[in-house]
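Colleague: Can you walk me through this one? I'd like the strands, then the pockets.

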Amino acid sequence: MSAMVIDGKAVAATLRTRVAGEVAALRYQPGLTVVLVGDDPASAVYVRSKDRAAAGVGIAAKTIRLPASTSEGELLVLVRQLNADDAVDGILVQMPLPKQIRSAAIIDAIDPAKDVDGLHPFNAGLLQSGRPGLVPCTPAGVMKLFAEAGVALAGARAIVVGRSVLVGRPVAALLTIADATVTIAHSRTRELAAECHRAEIVVAAAGRAEMVRGDWIAPGAVVIDVGINRMPDGKLVGDVAYAEAAERARAITPVPGGVGPMTIACLLENTVIAAKRRRAG
């Protein structure tokens with residue numbers, strides 16, 4: 001079997017085009033502010049990509065860069081200022097933060113109506129309740145890739161490998177809302193390979209390079225690889241052993257070029273959603 005490659009770049013490009021059309025039809029320009037604390041190279045590259053993508057669809061994007069020595073109190077003051085700024089529709093504080101700043105304290109301080117990362121407990125609660133809210137960007141992108149691949153989720157056996165609040169848990173919630181039968185697995189799951197082999201849908205989000213091997217995948221399964229890991233030789237790989245899994249899966253996302261582009265595209269979509277809801281209310 002040769003798996004269909006789910007092209008996240010193409011799906012993201014289509015989504016960005018749609019978002020640009022929505023922005024052009026508005027009587028105002030949605031505003032997105034990203035806060036970058038410190039000089040983590042990967043975060044800096046990611047933030048630049050967000051800035052370019054936002055500008056490309058007509059969103060007023062601004063990045064505030066703070067030194068790594070910034071205190072939690074100083075960052076909280078900035079977040080509160082952004083909460084009060086009517087020109088700002090979306091706030092994203094780039095993770096990870098320096099060790100002196102508690103991520104949870106910052107996330108909790110963001111106005112849920114501007115929480116375009118979808119991580120505030122209010123938005124997380126709405127998701128778990130199956131009610132409309134701002135959905136985390138990567139999980140939202142995963143669901144769009146399923147739709148693009150024509151995957152029938154209702155009644156399907158799905159496994160999510162990884163239980164993080166960023167990806168694993170919200171993906172599991174979205175799959176449950178879509179009527180899949182969902183198992184959440186993690187590093188302490190017994191017989192993990194066998195659990196994966198029982199699934200028709202595998203979402204790998206464990207943060208371990210090529211952890212999910214090809215013989216874990218049932219013939220004809222659909223595999224979404226959320227992981228991105230840099231190997232000693234500089235090569236980027238996912239959480240799935242791609243070449244092995246592609247021989248057994250019906251459809252699979254590559255790394256890079258799969259889920260990654262969807263995250264930024266869904267951030268832009270969330271910013272427009274937040275702007276419309278705020279300004280309509």
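Modeller: What follows goes through some strands and then the pockets.

Colleague: What kind of model is it, and how are residues numbered?

Modeller: This is a predicted model, where local features need pLDDT of at least 70 and side-chain atom pairs count only at pLDDT 80 or more, while totals for chains, interfaces and linings use all residues. Residues are numbered from 1 along each chain as its sequence is written, and side-chain values use heavy atoms, with hydrogens and water left out.

Colleague: Start with β7. Which way do the side chains of I201, V202, V203 and A204 point?

Modeller: I201 and V203 point one way, V202 and A204 the other, and all are buried. Buried means under 20% relative accessible area with a 1.4 Å probe, protein chains only. Strands are DSSP runs of E of at least two residues, and helices are runs of H or I of at least four, numbered from the N terminus.

Colleague: Why the alternation?

Modeller: In a regular strand the side chains alternate between the two faces of the sheet.

Colleague: Which strand pairs with β7 over four bridges in the parallel sense?

Modeller: Strand β5 (residues 157-161) does, with A158 as the bridge partner of I201. Strand β8 (residues 222-225) is also parallel to β7 and joined to it by four bridges. There V202 stands opposite V223, and A204 has D225 as its bridge partner. Two strands pair if DSSP finds at least two bridges between them.

Colleague: Are the residues of β8 buried or exposed?

Modeller: V222 and I224 on one side and V223 and D225 on the other are all buried. β8 also runs parallel to β11 (residues 251-252), with two bridges, and V223 stands opposite I252.

Colleague: Pockets now. How much space is in the largest pocket?

Modeller: About 1,300 Å³. Of its 42 lining residues, the closest to the centre are Y46, T138, I228, G260 and T263. A pocket here is an open set of points on a 1 Å grid over the protein atoms alone, where a 1.4 Å probe fits, with protein on both sides within 12 Å along at least five of seven lines; lining residues have an atom within 4 Å of a point. Volume is the space filled by probe spheres set on the points, which are joined across faces, edges and corners.

Colleague: Which element supplies the largest share of that lining?

Modeller: α10, with six residues.

Colleague: And the second largest pocket, what volume does it have?

Modeller: About 180 Å³. Its lining includes I107, L119 and R169, and α5 gives the most, with three residues.

Key: Buried means under 20% relative accessible area, exposed over 50%, partly exposed in between (1.4 Å probe, protein chains only).
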